[in-house]
Amino acid sequence: MTKSVWGLLAGLATLLAVLVTAPSQQSDLWQFLGRFHPTLVHLPIGILVVALALELAGRYFGAKSVLGSVPMLLLLGAWSAIVAALAGTLLSNWGGYQPTTLMWHRIVGLVVVVLAVVAYALRRQPGPPNGLAWYPITAALLGVGLAVGGHLGGTLTHGEGYLTDNLAPPLRSLLGLPAKTNLGAVPTGNLDSAPAYQALIQPMLTQRCGNCHNPDRKSGGLSLTNLTDLLAGGRNGKVIVPGRSAESEVIRRIWLPPGHQDRMPPDRTIPIAEAELIKWWIDQGAPDELKLAEMERPTAVRRILDSYGLDDLATGVFTVKIAPADSAAIASAQRSGLRIAPIASNSAFLAVATSGPLTAASLDALKPMAAQVAWLDLAGTAADDSTVGRLTILRHLARLSLQNTRVTDRGLEGIKDLGYLEYLNLYGTQVTDDGLSALHQLKRLRSLFLWGTKVTAGGADSLRRVLPRLDVSLGLEAVSDSTTGR
Ligand code: HEC
């Protein structure tokens, strides 16, 4: 065998070694290299397709002169396939992909690499080499492998149906695909007269989940495109428990961390606002007939409706126009233990919560998106006064949850300039009457939760005098405020 074939075999051996050992590799460098896979993978596809096309042209269409370049192209194609597969292996170990599709994509990808190496080994001489009978079979399989592997890769990144989603309706019906529903995630129906389920909830489920969960393609035995199917559930039984979102499989799966194999949708994140609305609708008993105005709307839900322009409160930070945050910075912050999602599908503002212990690194990771963070939930974390001191850079913060943290009066100094703050939850902290003076400048503050703090009724009253539109909840009223949506 020639040197070039030995070289390829060494490359292949390296790939196999990484495949076997890489699951334990979680370093940033691996992840960085892995991200080149989607770009790199176009090299072997392009080169090998050209090699196969020239081969056909030379053999069957009389273009003999092109045959001489085929071995060189196969060699290049095989090497680039090895490199792309290496990067792909690093990327896939990072998680977040639909597991079955990923498994098949990896198998087919590996087969393509092996076929490319074999094809080159059989075809490295310009003249008729030994074993030529095997070559056409290998080349044909290689062509098929490239098409299948590429399609699976596209499905991984873009979701099922990415090839066919934009087909014109007549072509869709010709191919037997379901008619496309054109409802966007942002509701378009008339919310005054239509039931909330029909105008608000179903369009989101159809948009976010309908590709894989419809009467024709019931992934997991579940269709989500109408209420009857939704209530019927999937392979493993009911997926919603009316009135109890915490026990509903749909909610459990939506809120799982990225990379978890049960997470839905498997390959992307639905905006927190939409997840909250679905949760709220289930908690309201999953009504099919009630209109928005007939349902209880907690403050958080009103804010979301507001950000869609659906409530009468279109004010505050959501009127500010900002550019979206850098997606690489978001991904890196997510890796540092934060859960980050757009507040609404059409908004650059972000909702941030912790998905693990709060660290200094996770706060640092927010710096590149300081202008975009509008909601921050640090409830129950190790956040203390110095943590809050570092939040001053989040100048568009509208909602801050600090309940059950170690924050004291000193910490409140850190938020006194957050002019867009509308909601502040200090439940179960050590805050006293003295600390409240730090809030005097927060003219937009509408809801303040002080239950379980050392603040007295007198202290709350003096704050109300400075901020007359502020709703201060000291005790049991805190409960009623969060459920009546005043
Ligand atoms: C890209 C395709 C895809 C999308 C989009 C998707 N799912 Fe799924 N879903 C699947 C597959 C595949 C399964 C079966 C495998 C499994 O159980 O994880 C499944 C299973 C489920 C199940 C479990 C059903 C059962 O009884 O086992 C639930 C619940 C679910 N999905 C909810 C959702 C929700 C809610 C959305 C939208 C927010 C969604 N899915 C979006 C592919 C998808």
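Visitor: How should I read the site of the iron atom of the ligand, with its six donor atoms?

Guide: Six octahedral donors ideally make angles of 90 or 180 degrees at a metal. In this predicted model, the angles among the six donor atoms run from 86 to 179°, and the site is octahedral.

Visitor: Which residues coordinate the iron atom of the ligand?

Guide: His 213 does so through NE2 and Met 264 through SD, at 2.0 to 2.2 Å. The pair brings together distant parts of the chain, 51 residues apart. His 213 sits in the loop between helix H9 (196–209) and helix H10 (227–232), while Met 264 belongs to the loop between helix H11 (249–254) and helix H12 (272–283).

Visitor: Is His 213 buried or exposed?

Guide: Buried means under 20% relative accessible area. His 213 counts as buried because its relative accessibility is 10%. Met 264 has 25%, so this residue counts as partly exposed.

Visitor: Now to the nonpolar cores. How many residues has the largest one?

Guide: It has 46 residues, and Met 369, Leu 376 and Leu 424 have the most contacts inside it. At least two residues each come from helix H14 (327–335), strands E1 (338–342), E2 (350–354) and E3 (373–377), and helix H18 (457–466). H14 gives the largest share of this core, three residues.

Visitor: What is Leu 424 in contact with, leaving aside its neighbours within four places in sequence?

Guide: Its partners include Leu 400, Leu 402, Ile 415, Leu 439 and Phe 449. Ser 447 is also one of them. Apart from this core lies another, of 40 residues, among them Leu 205, Val 301, Val 317 and Ile 343.

Note on methods
Residues are numbered from 1 along each chain as its sequence is written. This is a predicted model: local features need pLDDT of at least 70, side-chain atom pairs count only at pLDDT 80 or more; totals for chains, interfaces and linings use all residues. Side-chain values use heavy atoms; hydrogens and water are left out. Donors are N, O and S atoms within 2.8 Å of the metal (3.2 Å for Na, K and Ca); water is not among the atoms, so sites may look incomplete. Four donors count as tetrahedral if all angles lie between 85 and 135 degrees; four count as square planar and six as octahedral if opposite donors are over 155 degrees apart and all others between 65 and 115; anything else is irregular. Helices (H or I, at least four residues) and strands (E, at least two) are DSSP runs, numbered from the N terminus. Buried means under 20% relative accessible area, exposed over 50%, partly exposed in between (1.4 Å probe, protein chains only). A nonpolar core is a set of buried Ala, Val, Leu, Ile, Met, Phe, Trp, Tyr and Cys residues joined through side-chain atoms within 4.5 Å. Contact means heavy atoms within 4.5 Å.
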